Amino acid sequence: MEPTIRTITVDEAFDSPVFAALCDEYRTESLRNPHLIGALPDRAGYERMVDAGLLYPLGVFVGDELAGICAVLITPVLHFGGKLIASTETLFIAEAHRAGGAGMKLLRAAEAVAIHAGAGGLYVTAPTGGRLERLLPHVGYHETNRIFFRGLI
């Protein structure tokens, strides 16, 4: 079945019967920061960011099943004149649904959200050594920064 991508609500994501399993798979594959282990998605935080016009959630559906999620964050970069930039706060497709171009469709949908919001570009974070990191340079993305983390508490 062909995957479809569309805007979703926070409730639609969190209330999906497969959301917990999708989050577990996402954490298993993507979590590189031990400081975040055990942290669950913050529903109220997502709702506040959507209500503030900062976050745009997207869902990937195969039939009626939620098979992937993306949260596009739109923020001004104050040090550079307040220009808007978009970034993926989350971008994930369940392993069982990656064949058939769902990931590329989701990435292109995130780009469309960024364009519609007036963002000058889209930052996409990818786990070091993961499939997404290998894919991005082949679809027009280039590495601009590396992110490092040091736990403080």
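Select the hairpin of β3 and β4 to begin, where 5 residues lie between the strands and Gly81 takes a positive phi near 75°. Strands here (E, at least two residues) and helices (H or I, at least four) are DSSP runs, numbered from the N terminus. Since the coordinates belong to a predicted model, local features need pLDDT of at least 70 and side-chain atom pairs count only at pLDDT 80 or more, while totals for chains, interfaces and linings use all residues. Residues are numbered from 1 along each chain as its sequence is written, and side-chain values use heavy atoms, with hydrogens and water left out.

**The sheet, from β4 outwards**

Keep β3 and β4 selected: they pair in the antiparallel sense over 10 bridges, two strands being counted as paired if DSSP finds at least two bridges between them. Within this pairing, Thr75 stands opposite Ile85 in β4. From β4 the chain crosses through α4 to β5, and this β-α-β crossover is right-handed, a term that applies if, with the strands pointing away from the viewer, the path from the first strand over the helix to the second runs clockwise.

Add β5 next, which pairs with β4 (residues 83–93) in the parallel sense over 2 bridges; the bridge partner of Ser87 in β5 is Tyr123. Helix α2 (residues 19–30) packs on the sheet, touching β3 (65–77) and β4, and its direction makes about 105° with that of β4. Contact means heavy atoms within 4.5 Å, and the angles, from 0 to 180 degrees, are taken between N-to-C directions of lines fitted to C-alpha atoms, for helices over the stretch in contact.

How enclosed is β4? Of its 11 residues 8 are buried, so the strand is largely enclosed by the rest of the structure; buried means under 20% relative accessible area, exposed over 50%, and partly exposed in between, with a 1.4 Å probe and protein chains only.

Now move to β2, where 7 of the 8 residues are buried, so this strand too is largely enclosed by the rest of the structure. β2 and β3 run antiparallel and are joined by 8 bridges, one pair being Pro57 with its partner Ala71 in β3. In the hairpin of these two strands, 2 residues lie between them and Gly63 takes a positive phi near 65°. On the other side of the tour's path, β1 and β2 run antiparallel, joined by 4 bridges, and the bridge partner of Arg6 in β2 is Gly59.

With the whole sheet selected, the 5 strands form an open sheet of mixed pairing, in the order β1-β2-β3-β4-β5. β1 (4–7) and β5 (122–123) stand at the edges, each with a single partner strand, so one side of each is left without a neighbour in the sheet.

**The helices**

Select α3 (residues 43–51), which lies across β2 (55–62), β3 and β4 and runs at about 115° to β2.

Then turn to α4, whose 16 residues reach 23 Å from the first C-alpha to the last, close to the 22 Å expected at 1.5 Å a residue, the expected span being 1.5 Å times one less than the number of residues. Its buried residues are Ala102, Leu106, Leu107, Ala109, Ala110, Glu111, Val113 and Ala114, and what covers them includes β1, β2, β3, β4 and β5. After α4 comes Gly118, whose phi is positive, near 90°.

**Salt bridges**

Show the charged side chains last. The count comes to 10 salt bridges, each a side-chain nitrogen of Lys or Arg within 4 Å of a carboxyl oxygen of Asp or Glu.

What does Lys105 form a salt bridge with? The partner is Glu2, the closest N and O atoms being 2.1 Å apart, and the pair links distant parts of the chain, with Lys105 in helix α4 (residues 102–117) and Glu2 in the segment before β1, 103 residues apart. Lys105 is partly exposed at 30% relative accessible area, whereas Glu2 counts as exposed at 52%.

Staying in α4, select Arg108 and Glu111, which form a salt bridge at 2.8 Å between the closest N and O atoms and lie 3 residues apart, about one turn of the helix.

Finally, centre on Arg43 and Asp11, whose side chains meet in a salt bridge (2.9 Å, N to O). The pair links helix α3 to helix α1 (residues 10–14), 32 residues apart, and it belongs to a network of salt bridges linking Asp11, Asp15, Arg43 and Glu47. Arg43 counts as partly exposed at 27% relative accessibility, as does Asp11 at 38%.
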